[in-house]
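Trainee: I would be grateful for a close look at one part of this model, namely how its helices pack against one another and what surrounds the ligand.

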Amino acid sequence: MSCRRGALIVLEGVDRAGKTTQCQKLVQALQQSGRAAEIMRFPDRTTKIGQLISSYLEKKSNLEDHTVHLLFSANRWEMVPLMKQKLEQGINLVVDRYAFSGVAFTSAKPGFSLEWCKNPDVGLPKPDLVMFLQLNPNMAANRGEYGIERYETSAFQRTVHQRFEELMQDFSVNWKVIDAARTIEEVHKDIKLLSEEIICLVENRPVGKLWS
Ligand code: Z5A
């Protein structure tokens, strides 16, 4: 018996845009409406590679910039068999950050081109929908101070935002920009609607390959 596949839905956005909050609400809402849905997040800090990344982000260790970029990518690739299995089983995957964060963060460092940064992630399962939670820096500041992890400075985050803007010029990816400055419920309503539409649209289509 053939099973309708699940959709691969990604949430991206600047720091404190509400990605985690919205991923959780979306999974809950989909489950309540009778659909199979699970959350995934990158980096996945539970694996051996994820632990190296976590230690780097917490500034407990230093890693050369190319090396850490490849580790973030490897952390996605190690999850690909599981992702494919779940999608084939009809489970909708809601993913908190993906390859776009990988490219935006590394290419915000001096000497890294967008193209070089994209390469290791070419061929990953292609998201059916990428929702970018848009929030200006002043609004983000109202949601609390930056944390103590690496990358959590306003200057770096501004450059990351510019890189995301460049990535969103690529129309081969199904980007939707969401105004994240509204209440949690208002943002959720839009995200839920777009997700339900895409789930129905792709259920009989094969999963694509990112950037290839
Ligand atoms: N990184 C990388 O370099 N390369 C890669 O390949 C990948 C990632 C995948 C991982 O951080 C770091 O790794 C990240 C990118 C880099 N570095 N930075 N910066 P993480 O994933 O562990 O944590 P995070 O992604 O930085 O979380 P976040 O961006 O800080 O938060 P968020 O998920 O967008 O927001 P939230 O936790 O849902 O909400 C933040 C607060 O705002 C919280 O108090 C909420 O209650 C509140 N909130 C949320 N929505 C609203 C609304 N609508 N109104 C008011 N308040 C709200």
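Mentor: The answer below takes the helix pairs, then the ligand, and then two details of the backbone.

This is a predicted model, in which local features need pLDDT of at least 70 and side-chain atom pairs count only at pLDDT 80 or more, while totals for chains, interfaces and linings use all residues. Residues are numbered from 1 along each chain as its sequence is written, and side-chain values use heavy atoms, with hydrogens and water left out.

Helices (H or I, at least four residues) and strands (E, at least two) are DSSP runs, numbered from the N terminus. Helix α1, residues 19-32, packs against helix α9, residues 184-202, at an angle of about 55°, and their axes are 10 Å apart. Axes are lines fitted to C-alpha atoms, for helices over the stretch in contact, and angles run from 0 to 180 degrees between N-to-C directions. The two helices α1 and α9 are therefore oblique to each other; angles under 35 degrees count as roughly parallel, over 145 as roughly antiparallel, 65 to 115 as roughly perpendicular, and the rest as oblique. On the α1 side, the residues that meet α9 include L26, A29 and L30, and on the α9 side they include V187, I191 and I199; contact means heavy atoms within 4.5 Å. By class, this contact of α1 with α9 has seven nonpolar, four polar and four charged residues. Ala, Val, Leu, Ile, Met, Phe, Trp, Tyr, Cys and Pro count as nonpolar, Asp, Glu, Lys and Arg as charged, and the others, Gly among them, as polar.

In a second pair, the axes of helix α2 (residues 48-57) and helix α3 (residues 65-77) come within 9 Å and cross at roughly 135°. That angle makes α2 oblique to α3. Among the residues of α2 that meet α3 are L52, I53 and Y56, and their partners in α3 include V68, L71 and F72. The contact of α2 with α3 has nine nonpolar, two polar and one charged residues.

Turning to the ligand, 27 residues surround it, and the closest are K19, T20, T21, R45 and R97; a residue is counted if one of its heavy atoms lies within 4 Å. An N or O atom in the side chain of T20 is 2.8 Å from an oxygen atom of the ligand. A polar side-chain atom of Q157 lies 2.9 Å from a nitrogen atom of the ligand.

Finally, a cis peptide bond, with omega about 0°, joins F42 and P43, and P43 is found in the loop between β2 (37-41) and α2. Y151 has a positive phi, near 80°, and is a residue other than glycine.

Methods
Polar contact = N/O pair within 3.5 Å; in protein donor to acceptor, adjacent residues only side chain to side chain.
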